[in-house]
Amino acid sequence: MQLSVKSATNIFAVVVILILFTLLLWIDYTRFGDFKDSHVKISKRIVNDIKIEIERSIENKSRLIKLFSEENRELIIDLYKKPQKITLNTTFHRRLKRYFPDLFASAIATERGDPIVDDFGGNVGKMCVSDMQSFARDHYYNVRIHPNKTAYHFDIMNTWNMNGKKVIFFVSFLPDKIARLLQTGQAPNHKLVLVMADKQHLIEIDEAGSRDKITDRIDFHLSAKEQERILYSQPIEGSKWLLVDIRDENLFSDFRSEMVKELAVIFSLFIFATLLMWRLILREETRRTDAEDELRKYVSHTEVLNKELEQVNKKLEVMSIVDEVTGIYNRRYFNQHVATEWNTALRQKTPISILLMDIDHFKKYNDTYGHQAGDECLKSVASEMKSFLRRSSDFVARFGGEEFIAITLGLDEDNAFSIADKLREAIEILHIPHKESGVSDYVTVSCGIVTVTPSKEQSISEIIKLADDALYEAKANGRNQVVHKYNTSSH
């Protein structure tokens with residue numbers, strides 16, 4: 001039996017509504033799942049990045065303490081024997097301050113953990129003594145926060161034998177730099193926290209600093225609900241810390257609520273459109289059919305045009321910001337982006353480094369090997385530069401010709417210089433032949449670098465000028481080297 005137009009239309013409308021409802025449920029499920037997955041990926045990335053930075057900081061401090069101990073062994077032994085001698089104390093603390101500008105305190109103690117010399121003002125805590133005894137016995141120490149009347153801190157220790165006796169030397173540091181790492185590294189709607197998992201997730205450090213700096217809570221253990229919101233965590237080697245990333249309490253629920261509202265509006269609009277169409281179908285079946293055919297053609301054509309336009313726009317966008325030879329950002333995009341990085345560093349009061357790098361005697365390289373080989377050389381140098389400066393806060397661009405520029409946030413002067421010098425070595429180790437260089441048999445680079453903590457009295461153009469002066473000095477000094485300039489207005 002053939003259905004009437006009205007019956008067929010009613011059945012069609014019901015089926016379409018059911019299909020739409022099912023589709024919206026599937027979209028809700030899929031989008032919410034994708035949203036959660038995306039934040040888990042963000043969490044893993046930032047936790048792994050910050051984990052590396054914290055471990056590197058602990059490792060560098062431990063290495064420098066061992067180096068200081070070796071270079072000043074006789075001074076430490078004399079001070080151990082004559083702890084009251086003022087000249088020895090003065091010399092010791094002056095040298096120590098040169099090694100560790102950010103130190104909180106230091107101590108020299110017996111193997112039982114009894115301080116012989118310290119600048120804690122007599123307030124060496126029980127945890128410090130306990131950790132010293134454990135370190136002397138087990139020859140290793142896992143970093144943790146030590147409460148102190150003056151300030152919460154963490155210790156890095158070293159020990160050696162002196163005439164059959166063990167001497168313990170340690171330096172204490174404030175956790176402010178680690179707190180800044182957490183602050184600059186965490187993503188929106190995420191919070192990075194260092195906790196001690198074996199102490200019921202006791203909070204050690206968050207973006208505000210150690211526990212004594214945290215003012216917005218009474219209980220310093222993560223609650224059960226906070227633990228449920230941990231998206232990812234990783235232990236910090238060499239410490240008792242667990243780095244956790246906690247999402248905001250309403251991150252997922254707010255997204256779900258907004259998504260439900262959007263889908264409800266879509267569903268309501270579609271119901272309204274379906275009822276309106278149902279009435280139109282009953283009145284003019286022929287016109288409805290023709291109109292739907294035309295509509296499908298128009299929508300299909302529009303989608304094709306939109307896709308083509310979108311592809312063209314994407315290509316134009318890439319061409320406008322990417323250097324066509326090296327594949328890294330160009331100077332035009334650097335000029336647009338640098339102000340953002342500067343303002344970020346100014347707002348967060350974190351160091352910013354500007355690195356200018358120039359390939360030594362690149363004109364001779366082009367004259368000798370040709371411009372095609374020169375382009376390949378530029379690509380190799382750019383690739384090596386990107387591999388060294390790959391943090392989310394790093395930015396690399398071609399500044400012009402054979403000159404490159406980079407911005408990096410959150411590194412102190414020593415670490416910024418170290419990265420620049422390792423980058424210089426890595427480029428020379430690429431062994432790109434350059435027989436006419438006059439500096440080396442291989443392609444080398446000269447670097448100028450400046451690291452400052454921005455202030456409103458400064459401008460990024462001044463810092464770039466300092467980096468350019470440092471690069472000029474590196475060239476004048478014989479090339480294949482890194483020159484570190486200091487901003488005189490901040491020193």
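Reading strands, sheets and a pocket

In strand 14, Val445, Cys447, Ile449 and Thr451 point one way, while Ser446, Gly448, Val450 and Val452 point the other way, and all of them are buried.

Visitor: What kind of model is this?
Guide: The model is a predicted one.

Visitor: Which way do the residues of a strand point?
Guide: In a regular strand, side chains take turns between the two faces of the sheet. Here, Val445 and Cys447 are among those pointing one way from strand 14, and Ser446 and Gly448 are among those pointing the other.

Visitor: Why is strand 14 said to be largely enclosed?
Guide: Buried here means under 20% relative accessible area. In strand 14, residues 445-452, 8 of the 8 residues are buried, so the rest of the structure largely encloses this strand.

Visitor: Which strands pair with strand 14, and are they parallel or antiparallel?
Guide: Strand 11 (residues 352-359) pairs with strand 14 in the antiparallel sense, over 8 bridges. Within that pairing, Ser353 has Thr451 of strand 14 as its bridge partner. Strand 15 (residues 482-485) runs parallel to strand 14, and 4 bridges join the two. There, Cys447 stands opposite Val482 of strand 15.

Visitor: In what order do the 5 strands of the open sheet lie?
Guide: The order is 2-1-5-4-3, and the pairing is antiparallel. Strand 2 (115-118) and strand 3 (145-146) are the edge strands, each pairing on one side only. Further in, strand 4 (residues 153-162) and strand 5 (residues 165-173) are antiparallel and share 9 bridges. One of the partnerships is that of Phe154 with Phe173 in strand 5.

Visitor: Which helix lies across strand 1, strand 2 and strand 5?
Guide: That is helix 3 (residues 86-99), and its direction is at about 130 degrees to strand 1 (103-110).

Visitor: How is empty space in a protein found?
Guide: A probe the size of a water molecule is rolled over the atoms, and this shows where empty space is left. In this structure the largest pocket holds about 1,700 Å³ of space.

Visitor: Which residues lie nearest the centre of the largest pocket?
Guide: Glu53, Leu181, Arg391, Gly410 and Leu411 do, out of 50 lining residues. By class, the lining has 18 nonpolar, 15 polar and 17 charged residues.

Visitor: Which helix supplies the largest share of that lining?
Guide: Helix 1 does, with 12 residues. Helix 1 (5-71), helix 5 (176-185), helix 9 (331-348), helix 11 (371-388) and helix 12 (413-429) each give at least two residues to the lining of the largest pocket.

Conventions
Residues are numbered from 1 along each chain as its sequence is written. This is a predicted model: local features need pLDDT of at least 70, side-chain atom pairs count only at pLDDT 80 or more; totals for chains, interfaces and linings use all residues. Side-chain values use heavy atoms; hydrogens and water are left out. On a 1 Å grid over the protein atoms alone, a cavity is a set of points where a 1.4 Å probe fits but cannot get out, and a pocket is an open set with protein on both sides within 12 Å along at least five of seven lines; lining residues have an atom within 4 Å of a point. Grid points are joined across faces, edges and corners, and a volume is the space filled by probe spheres set on the points. Helices (H or I, at least four residues) and strands (E, at least two) are DSSP runs, numbered from the N terminus. Ala, Val, Leu, Ile, Met, Phe, Trp, Tyr, Cys and Pro count as nonpolar, Asp, Glu, Lys and Arg as charged, and the others, Gly among them, as polar. Two strands pair if DSSP finds at least two bridges between them. Contact means heavy atoms within 4.5 Å. Axes are lines fitted to C-alpha atoms, for helices over the stretch in contact, and angles run from 0 to 180 degrees between N-to-C directions. Buried means under 20% relative accessible area, exposed over 50%, partly exposed in between (1.4 Å probe, protein chains only).
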